[in-house]
Amino acid sequence: MFRVIPAVDIKGGKCVRLYQGKADAEKVYFENPVEVAKRWEEEGASIIHVVDLDGAFEGVPKNLPIVKEIVQELSIPVQFGGGVRTRKALEELFKAGVSRVVVGTVAVEEPELFKKWTEEFPGKLVVGIDAKNGIATTRGWVELSGIPATELARNLDQLPIWGFVYTDISRDGTLTSPNFEEVEKFASAVEHPVIASGGVSSLEDLKRLSKIKNVAGAIVGKALYEGKVNLKEAIEQVERGNNP
């Protein structure tokens with residue numbers, strides 16, 4: 001089942017997009033992230049991907065009240081990522097009604113702790129692997145782990161996770177199209193489903209991603225906000241076309 005997944009990235013309480021994950025390269029699109037999330041649901045989204053950018057850089061979720069409001073206002077699932085590095089943060093997010101939580105840094109740096117989390121919350125955690133030239137990064141995309149993304153994924157694939165979000169940092173927020181070869185390489189290395197993220201710039205990009213085996217969806221951010229992709233059209237042509 002392939003899903004077109006709109007991204008709502010929150011920084012300083014506003015809906016923004018970054019360029020290649022750089023904290024100082026942001027563009028504010030909307031003052032109210034809740035209204036944006038509601039708009040994407042109205043246009044047919046079956047799930048929303050919410051990112052707390054402040055949390056990703058600071059190591060603890062910073063926009064939880066907004067996330068809670070988004071969950072309360074929507075009737076579709078909310079997937080959340082950004083700064084989830086403690087069990088307390090996980091508990092707060094699930095208590096707030098978030099359906100799935102994306103964990104990156106802890107999965108890479110503290111695999112034993114992450115394993116415990118997956119056993120406690122089976123099927124509800126998504127491994128966020130953010131890669132730069134095929135190497136996994138951590139701490140808001142700032143630090144290179146030195147571990148190849150596919151090797152890391154294979155190790156974590158044995159755990160009771162929901163799946164993976166694979167982001168090519170060099171493409172994120174650039175509208176230069178995804179790195180299809182790397183996405184395919186990553187998706188073929190694991191059994192769990194993969195959501196592709198980074199670089200989607202057109203309906204054609206989404207169609208191409210939907211044809212890659214084991215890719216269960218694509219996160220779309222800047223392309224929606226810049227009007228390069230029409231969400232209704234994308235859902236009709238790509239999502240429904242692949243999920244008759």
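Residues are termed buried here when their relative accessible area is under 20%. By this criterion, in the predicted model, buried residues account for 57% of the 244 residues in the chain. The secondary structure comprises 11 helices and 12 strands, and of the contacts between residues at least 6 apart in sequence, 67% connect residues at least 24 apart. The accessible surface of the chain amounts to about 10600 Å², with 46% belonging to carbon and sulfur atoms.

In strand E6 (residues 100-103), Arg100 and Val102 point one way while Val101 and Val103 point the other way, and all are buried. Strand E5 (residues 78-81) pairs with E6 in the parallel sense over 3 bridges, and Gly81 lies opposite Val102 in E6. Between these strands the chain passes from E5 through helix H4 (residues 87-95) to E6, forming a β-α-β crossover that is right-handed. E6 also pairs with E7 in the parallel sense, over 3 bridges, and the bridge partner of Val101 in E7 is Leu125.

Strand E7 (125-132) is also among the elements against which the buried residues of helix H8 pack. In H8 (residues 180-188), these buried residues are Phe180, Val183, Phe186 and Ala187; because they cover an arc of only 130° around the axis, they lie on the same side of H8. Besides E7, their packing partners are helix H7 (149-156), strand E10 (163-168), strand E11 (194-197), helix H9 (203-210) and strand E12 (215-220). The exposed residues Glu181 and Ser188, by contrast, are carried on the face of H8 turned away from its buried side.

Note on methods. Residues numbered from 1 in each chain as written. Predicted model: local features only at pLDDT ≥ 70, side-chain atom pairs only at ≥ 80, totals over all residues. Heavy atoms only, no water. Buried < 20%, exposed > 50% of the residue type's maximum accessible area, 1.4 Å probe, protein only. Helix = DSSP H or I, 4+ residues; strand = E, 2+ residues; numbered from the N terminus. Arc of directions from axis to C-beta. Contact = heavy atoms within 4.5 Å. Areas by Shrake-Rupley, 256 points an atom, 1.4 Å probe, with all protein chains shown as cover. Pairing = 2+ DSSP bridges. Right-handed = clockwise from strand over helix to strand, strands pointing away.
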